[in-house]
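Here is a briefing on one protein chain. Look over the sequence and the structure first, then read the notes by topic.

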Amino acid sequence: MRNVNSQPVLLRSKLFDEMGISHAFSTRQGGFSKAPFDSLNLARSVGDEAASVEKNYASLAQAVGYETSKLYELSQVHSDTVVVVDAKLDPVQFRSQQGDALISQKPTLAVAVRTADCVPLLFASEDGSGVAAVHAGWRGVRAQIVLATISRLQNLNVQSTALRVAIGPHIRSCCFEVGGEVVQHFSSSPLIYQATQAKGDKFLLDLKKILLEQISRAGIKQNFIDDVGGCTMCEPQRFFSYRRDGQASGRQLSVILPRAHSLDRS
């Protein structure tokens, strides 16, 4: 499966491209990792060779346009915790901090989340001065991590109605089979009955549908939301999937930074 071309194969939002926002949703294609993490694995804790992972990070940074020393990530824990980063924080030490959404208002500081089935979402303000990266598995969706992120952005004087959102590759409703106990966690929301389809004693859960309802509730218009597509479970040639591959799965990275980063090197 390894791609002989080491250049990362990336997905981008047309909405963000039109705004001049540097961002990307990585695939598993391109990069330097060997099987079973071939080839653009962007996780440091799954058993891949450290040197290969760092080369993958460097390749992605070059393709998107940020410095690897200014990329911020969290220890993701399926929570509703949102963190704002600044230049005084050391990115390497920062990785041990727990949370599932990161906000940057500094053009040189990139923020990213790792996924292998969960939903990655990228947010940008209308003028591109504030951005966020969000990791939303079903627990995060239930915890309303997206609404927590939008609320935090509002506290930073970014109006939710001015936000743009890009949704990245994730396990889609065609493949996301869950038990009734997971559905019960959403039982307080009438939407759960529209977002699930019975499959014997299991259910197919549509996380995107629930997220879109939450985003809409925050006042973001439909034409400001872009889904770049891709089902991680269905497309083994393009994406890592923990549900499909278990411990042998690598991770995609979804990254974004505020506009005009090339003009600010502080």
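**Helix H2 and what it packs on**

The buried residues of H2 pack against S1, S2, S3, S6 and S14. The model is a predicted one. The notes below start from H2, move to its sheet, and then turn to other parts of the chain.

- Ser52, Val53, Asn56, Tyr57, Ser59, Leu60, Ala61 and Val64 are the buried residues of H2.
- H2 lies across S1, S2, S3, S6 and strand S14 (252-256). Its angle to S14 is about 35°.
- H2 has 15 residues, which at 1.5 Å a residue should span 21 Å. The end C-alpha atoms of H2 are 21 Å apart, so the expected span and the model agree.
- Gly65 follows H2 and has a positive phi, near 105°.

**The five-stranded sheet**

- Five strands form an open sheet with mixed pairing, in the order S1-S2-S14-S6-S3.
- Strand S1 (10-11) and S3 are the edge strands, each with a single partner, so one side of each has no neighbour in the sheet.
- S3 pairs with strand S6 (residues 110-115) in the parallel sense, over two bridges.
- Opposite Tyr72 in that pairing stands Val111 of S6.
- In a regular strand, side chains alternate between the two faces of the sheet.

**Tyr66, between H2 and S3**

- Tyr66 sits in the loop that links helix H2 (50-64) to strand S3 (71-72).
- Is Tyr66 buried or exposed? Its relative accessibility is 7%, so Tyr66 counts as buried; the cut-off for buried is under 20%.
- Beyond its neighbours within four places in sequence, Tyr66 contacts Tyr57, Leu60, Ala61, Leu71, Ala110, Val255 and Leu257.
- Of those contacts, Tyr57, Leu60 and Ala61 are among the buried residues of H2.
- Pro107 is 41 residues from Tyr66 in sequence, yet the two C-alpha atoms are 9.4 Å apart in space.

**His23, in strand S2**

- His23 belongs to strand S2 (residues 23-26).
- The relative accessible area of His23 is 1%, so this residue is buried.
- A polar atom of the His23 side chain lies 2.9 Å from the backbone oxygen of Ile21.
- Which residues does His23 touch, not counting those up to four places away in sequence? They are Arg12, Ser13, Phe16, Asp17, Val64, Leu122, Val255 and Ile256.
- Val255 is in contact with Tyr66 and with His23.

**Helix H5 and the loop after it**

- Helix H5 (residues 145-155) has Ile145, Val146, Leu147, Thr149, Ile150 and Leu153 buried.
- The cover over these buried residues includes four strands: S4 (82-84), S5 (101-104), S7 (119-124) and S8 (131-136).
- Helix H4 (138-142) and helix H7 (207-217) also help to cover the buried residues of H5.
- Just after H5, Asn157 takes a positive phi of about 70°.
- Ser160 lies in the loop between H5 and strand S9 (164-167).
- Ser160 has a relative accessible area of 5%, so it is buried.
- Outside its neighbours within four places in sequence, Ser160 contacts Ile150, Gln154, Ala218 and Ile220. One of these, Ile150, is a buried residue of H5.

**Strands S10, S11 and S12**

- Strand S10 (residues 177-178) and strand S12 (residues 202-205) run antiparallel, joined by two bridges.
- Glu177 has Leu204 of S12 as its bridge partner.
- S12 also pairs with strand S11 (residues 196-199), in the antiparallel sense over four bridges.
- In that pairing, Ala198 is bridged to Phe203 of S12.
- S11 and S12 form a hairpin with two residues between the strands. Gly200 in this hairpin takes a positive phi near 65°.

**The chain as a whole**

- The secondary structure comes to eight helices and 14 strands.
- The radius of gyration is 17 Å, and the globule rule gives 18 Å for 266 residues, so the chain is as compact as a globular protein of that length.
- The C-alpha trace spans about 50 × 45 × 35 Å along its principal axes.
- Buried residues make up 55% of the 266 in the chain.
- Of contacts between residues at least 6 apart in sequence, 66% join residues at least 24 apart.

How values were computed
Residues are numbered from 1 along each chain as its sequence is written. This is a predicted model: local features need pLDDT of at least 70, side-chain atom pairs count only at pLDDT 80 or more; totals for chains, interfaces and linings use all residues. Side-chain values use heavy atoms; hydrogens and water are left out. Buried means under 20% relative accessible area, exposed over 50%, partly exposed in between (1.4 Å probe, protein chains only). Contact means heavy atoms within 4.5 Å. A polar contact is a pair of N or O atoms within 3.5 Å; within protein, one must be able to donate a hydrogen and the other to accept it, and residues adjacent in sequence count only if both atoms are side-chain atoms. Two strands pair if DSSP finds at least two bridges between them. Axes are lines fitted to C-alpha atoms, for helices over the stretch in contact, and angles run from 0 to 180 degrees between N-to-C directions. The expected span of a helix is 1.5 Å times one less than its number of residues. The radius of gyration is taken over C-alpha atoms; the globule rule is 2.2 Å times the number of residues to the power 0.38.
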